[in-house]
Amino acid sequence: MIIVPGSQSQNLAYEVAKLLNEKYVRVEFKRFPDNEIYVRLLDEINDDKAVIISTQRNQNDAIVESFLLYDALKDEAVEEIILVAPYLAYARQDKKFNPGEAISIRILAKIYSKLFDKVITINPHEEHIKEFFTVPFISLDAVPKLAEYVKDKLDNPIVLGPDQGALRFAKSAAEVLNAEYDYLEKTRITPTEIKIAPKNLDVKDRDVLIVDDIISTGGTVATAAKMMKEQGAKKIIAACVHPVLIGDALNKLYSSGIEEVVGTNTFSSEVSKVSVAEVIANSLK
Ligand code: R5P
């Protein structure tokens with residue numbers, strides 16, 4: 001098996017290759033003057049199985065890059081190609097919210113299923129997207145890794161999902177921390193505006209861990225944190241798998257009373273303190 005990086009995942013791919021003791025293939029990434037993407041495999045390929053590790057942070061570029069890497073690998077007679085997209089782009093448009101919309105992840109899943117033999121991702125927004133794939137689709141959980149990271153920083157915490165969808169992440173973290181968990185009821189008004197229904201929780205003088213899959217504008221987690229502070233919470237840590245952190249998200253989070261924000265390197269950011277290399281390597285073993 002060889003490990004082939006996307007341009008946004010070279011460190012992560014190298015880490016996975018080391019953990020598995022497999023060959024890391026060097027790739028040249030370039031742009032043509034008109035900005036089109038160019039890839040070239042720099043090492044000789046003698047294996048029949050390849051794993052492309054390419055997070056889709058810069059969505060469109062990463063998607064095209066994975067197609068180009070596929071083409072180059074097929075030319076080298078690689079038979080089986082697995083796509084590992086730790087952050088899977090377009091997964092949030094997983095249904096029609098309004099008439100006439102494209103279901104973005106459905107068409108991408110169709111294309112990936114034609115090319116790749118398996119697709120692996122980490123904590124996709126909704127698990128039901130699996131149905132769009134006609135090849136094995138594996139979704140890994142990096143939340144336990146986040147929980148291990150914060151374990152010694154929190155005293156008898158309560159773990160909180162800031163919305164119902166995050167309940168499964170709260171449960172996953174609570175299992176590692178041996179803690180109680182709960183969730184809040186969120187309504188999204190616009191892509192940047194949310195409302196969380198009032199809910200009284202037993203957080204007075206207690207530490208709180210807020211866990212979500214994605215922190216994007218920070219609105220969801222900051223609103224939940226403010227509510228917990230108002231109810232007397234002591235230390236609040238926010239953890240997410242994919243720290244997308246658009247604009248002033250971090251500022252918003254710290255201003256809401258959160259002491260630390262931690263994310264993984266599925267989406268590299270200044271809070272990406274936890275590596276998902278082991279989670280990926282274990283699934284490839
Ligand atoms: C949506 O339900 C996700 O799980 C996150 O809660 C959401 O993406 C967070 O977005 P934002 O940080 O913009 O509130």
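Trainee: How far apart are the end C-alpha atoms of helix H3, residues 104-115?

Mentor: Helices (H or I, at least four residues) and strands (E, at least two) are DSSP runs, numbered from the N terminus. The expected span is 1.5 Å times one less than the number of residues. For the 12 residues of H3 that gives 16 Å, and the model agrees, with the end C-alpha atoms separated by 17 Å.

Trainee: What kind of model is this?

Mentor: Residues are numbered from 1 along each chain as its sequence is written, and side-chain values use heavy atoms, without hydrogens or water. Local features need pLDDT of at least 70, side-chain atom pairs count only at pLDDT 80 or more, and totals for chains, interfaces and linings use all residues, since the model is predicted.

Trainee: What arc do the buried residues of H3 cover around the axis?

Mentor: Buried means under 20% relative accessible area, exposed over 50%, partly exposed in between (1.4 Å probe, protein chains only). In H3, the buried set is Ser104, Ile105, Leu108, Ala109, Tyr112 and Ser113. They lie on the same side of H3, because the arc they cover (directions from the helix axis to the C-beta atoms) is only 150°.

Trainee: Which residues are exposed on the other side of H3?

Mentor: The buried residues of H3 have cover that includes helix H2 (59-75), strand S6 (80-85) and strand S7 (118-122). On the other side, the exposed residues are Lys110 and Lys114.

Trainee: Which elements are among those that cover the buried residues of helix H5?

Mentor: H5 spans residues 167-177, and Phe169, Ala170, Ser172, Ala173, Ala174 and Leu177 are buried there. After H5 comes Asn178, with a positive phi near 55°. The cover of the buried residues includes helix H4 (143-150), strand S9 (158-161), strand S10 (180-183) and strand S13 (208-215).

Trainee: How much of the ligand does the protein bury?

Mentor: Of the 14 residues around the ligand (a heavy atom within 4 Å), Asp212, Asp213, Ser216, Thr217 and Thr220 come nearest. Ligand oxygen atoms lie 2.5 Å from a polar side-chain atom of Asp213, 2.6 Å from a side-chain N or O of Thr217 and 3.2 Å from a polar side-chain atom of Arg92. Taken alone, the ligand exposes 370 Å² (Shrake-Rupley, 1.4 Å probe), and the buried share is 90%.

Trainee: With which side chain does the side chain of Arg31 make a polar contact?

Mentor: Arg31 sits in strand S3 (residues 27-31) and is partly exposed, at 39% relative accessibility. A polar side-chain atom of Arg31 is 2.9 Å from the backbone oxygen of Asn35. A polar contact is a pair of N or O atoms within 3.5 Å; within protein, one must be able to donate a hydrogen and the other to accept it, and residues adjacent in sequence count only if both atoms are side-chain atoms. At 2.6 Å, the side-chain partner is Asp61.

Trainee: Is Ser54 buried or exposed?

Mentor: Ser54 is in the loop between strand S5 (49-53) and H2. Beyond its neighbours within four places in sequence, its contacts (heavy atoms within 4.5 Å) are Gly6, Ser9, Ala62, Glu65, Val84, Ala85 and Pro86. With a relative accessible area of 1%, Ser54 is buried.

Trainee: What is the relative accessible area of Gln231?

Mentor: Gln231 belongs to the loop between helix H6 (219-230) and strand S14 (236-243). Not counting residues up to four places away in sequence, Gln231 touches Lys199, Asn200, Leu201, Val203 and Lys204. Gln231 is buried, and its relative accessible area is 18%.
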